[in-house]
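Student: Before we use words such as buried, core or pocket for this protein, I would like to go through what each of them rests on.
Tutor: Then let us look at the structure and take the terms one at a time.

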Amino acid sequence: MRQTAVYAFLAIILLTHCGSPGNQTPLSKAPVSIRGWITDVEGDANGPYRTVETEASRRAQLFQATTVYVDGAPYVSGGVAENGAFLLLDVPPGNVTLAFTAPGAPESKLVLQNIPGNADVFVPNVLLTKAAVRILDPAAVAVRLAAKIDRAKPAGLTSIVAGLKVPVMQTPIGQMTDRHDFPNPPGMLVPLARVK
């Protein structure tokens with residue numbers, strides 16, 4: 001009986017201390033959600049015939065092949081939808097770098113700084129350019145924190161999204177129901193499914 005307990009204890013110690021510590025980052029207990037949509041990729045609008053239909057088809061194919069990941073995060077759920085909307089859950093707070101890769105374009109990075117735990121970051125209307133992300137509507141960028149309040153109010157914190165200073169807003173919990181949903185880019189009629 002004692003030998004079994006000793007072996008079990010040693011097995012637990014070995015399991016918790018094995019592996020390369022440089023590759024193991026713990027999951028955050030205060031994860032951040034990051035949402036928005038990609039409008040286009042710089043320099044991708046090629047072709048002799050440009051109509052509404054051909055542009056819609058080109059962009060749908062482009063977005064289907066576009067990926068996004070978070071530097072240094074061990075696990076993040078979400079991704080890029082076929083309409084260009086992106087949603088990332090379980091993102092660690094603090095300083096975060098998202099990397100977008102699209103066909104025929106170099107990796108574009110979106111740098112976020114001073115993101116508080118449990119925040120919802122909304123970054124709409126993004127243009128992927130060479131090695132950077134350009135936000136086409138800076139006034140629409142938002143960083144929200146859920147709070148038990150009646151009206152939104154400043155939290156007294158400032159985050160930086162792609163070089164823009166964004167005030168962190170405390171937001172009523174009832175207005176935060178969309179934080180786990182893909183956003184709907186303009187022109188999108190049917191809402192996308194919720195990520196669980």
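Student: Where along the chain does Met176 lie?
Tutor: Met176 lies in the segment that follows strand 11, residues 164–172; bear in mind throughout that this is a predicted model.

Student: Why is Met176 called buried?
Tutor: The cut-off for buried is a relative accessible area under 20%, and Met176 has a relative accessibility of 7%, so Met176 counts as buried.

Student: Which residues does Met176 touch, if those up to four places away in sequence are not counted?
Tutor: Met176 touches Asp120, Arg144, Leu145, Ala146 and Thr171. For Asp120, the separation in sequence is 56 residues, while the C-alpha atoms of Met176 and Asp120 are 8.3 Å apart in space.

Student: What is the overall arrangement of helices and strands in the protein?
Tutor: The protein has two helices and eleven strands, and along the sequence these follow the pattern α-β-α-β-β-β-β-β-β-β-β-β-β. Of the 196 residues, 34% count as buried, and among contacts between residues at least 6 apart in sequence, 59% join residues at least 24 apart.

Student: How do you know that the length of helix 2 agrees with its number of residues?
Tutor: Helix 2 comprises the 13 residues 52–64, which at 1.5 Å a residue should span 18 Å, and because its end C-alpha atoms are 18 Å apart, the two values agree.

Student: Which residues of helix 2 are buried, and what puts them on the same side?
Tutor: Glu55, Arg58, Leu62 and Phe63 are the buried residues in helix 2. They cover an arc of only 125 degrees around the axis, and therefore they are on the same side of helix 2. As a general matter, an α-helix has 3.6 residues a turn, so residues three or four places apart point the same way. On the other side of helix 2, Glu53, Gln61 and Gln64 are exposed, whereas the buried residues pack against strand 1 (32–41) and strand 3 (77–80).

Student: What does helix 2 supply to the largest pocket, and which residues lie nearest the centre of that pocket?
Tutor: The largest pocket, with a volume of about 320 Å³, is lined by 15 residues, of which Arg59, Phe63, Asn83, Pro186 and Gly187 lie nearest its centre. Helix 2 supplies five residues, the largest share of the lining, and strand 1 and helix 2 each supply at least two.

Student: Which members of the largest nonpolar core touch the most other members?
Tutor: Among the 31 residues of that core, they are Ile34, Leu98, Phe100, Leu112, Val121, Val123 and Val161. Strand 7, residues 119–129, gives the most to this core, with five residues. A second, separate core has seven residues, including Trp37, Ala81, Ala85 and Phe122.

Student: What makes Val70 a buried residue, and what does Val70 touch?
Tutor: Val70, found in strand 2 (residues 67–70), has a relative accessible area of 7%, which is under the 20% cut-off, and therefore Val70 is buried. Leaving aside residues up to four places away in sequence, Val70 touches Val76, Leu88, Val91, Val96, Thr97 and Leu98. The C-alpha atoms of Val70 and Ala99, which are 29 residues apart in sequence, lie 6.3 Å apart in space.

Student: Why is Ile135 called buried, while Ala162 is called partly exposed?
Tutor: Ile135, in strand 8 (residues 132–135), has a relative accessible area of 11%, under the 20% limit, so Ile135 is buried. Ala162 has a relative accessible area of 34%, and because this value falls between 20% and 50%, Ala162 is partly exposed. Ala162 is placed in the loop between strand 10 (153–161) and strand 11, and Ala162 is among the residues that Ile135 touches.

Student: What is notable about phi in Ala162 and Asn114?
Tutor: Phi of Ala162 is near 55 degrees, a positive value in a residue other than glycine, and Asn114, also not a glycine, has a positive phi of about 55 degrees. Asn114 is found in strand 6 (residues 108–115), and with a relative accessible area of 45%, between the limits of 20% and 50%, Asn114 is therefore partly exposed.

Terms used. Residues are numbered from 1 along each chain as its sequence is written. This is a predicted model: local features need pLDDT of at least 70, side-chain atom pairs count only at pLDDT 80 or more; totals for chains, interfaces and linings use all residues. Side-chain values use heavy atoms; hydrogens and water are left out. Helices (H or I, at least four residues) and strands (E, at least two) are DSSP runs, numbered from the N terminus. The expected span of a helix is 1.5 Å times one less than its number of residues. Buried means under 20% relative accessible area, exposed over 50%, partly exposed in between (1.4 Å probe, protein chains only). The arc is that of the directions from the helix axis to the C-beta atoms. Contact means heavy atoms within 4.5 Å. A nonpolar core is a set of buried Ala, Val, Leu, Ile, Met, Phe, Trp, Tyr and Cys residues joined through side-chain atoms within 4.5 Å. On a 1 Å grid over the protein atoms alone, a cavity is a set of points where a 1.4 Å probe fits but cannot get out, and a pocket is an open set with protein on both sides within 12 Å along at least five of seven lines; lining residues have an atom within 4 Å of a point. Grid points are joined across faces, edges and corners, and a volume is the space filled by probe spheres set on the points.
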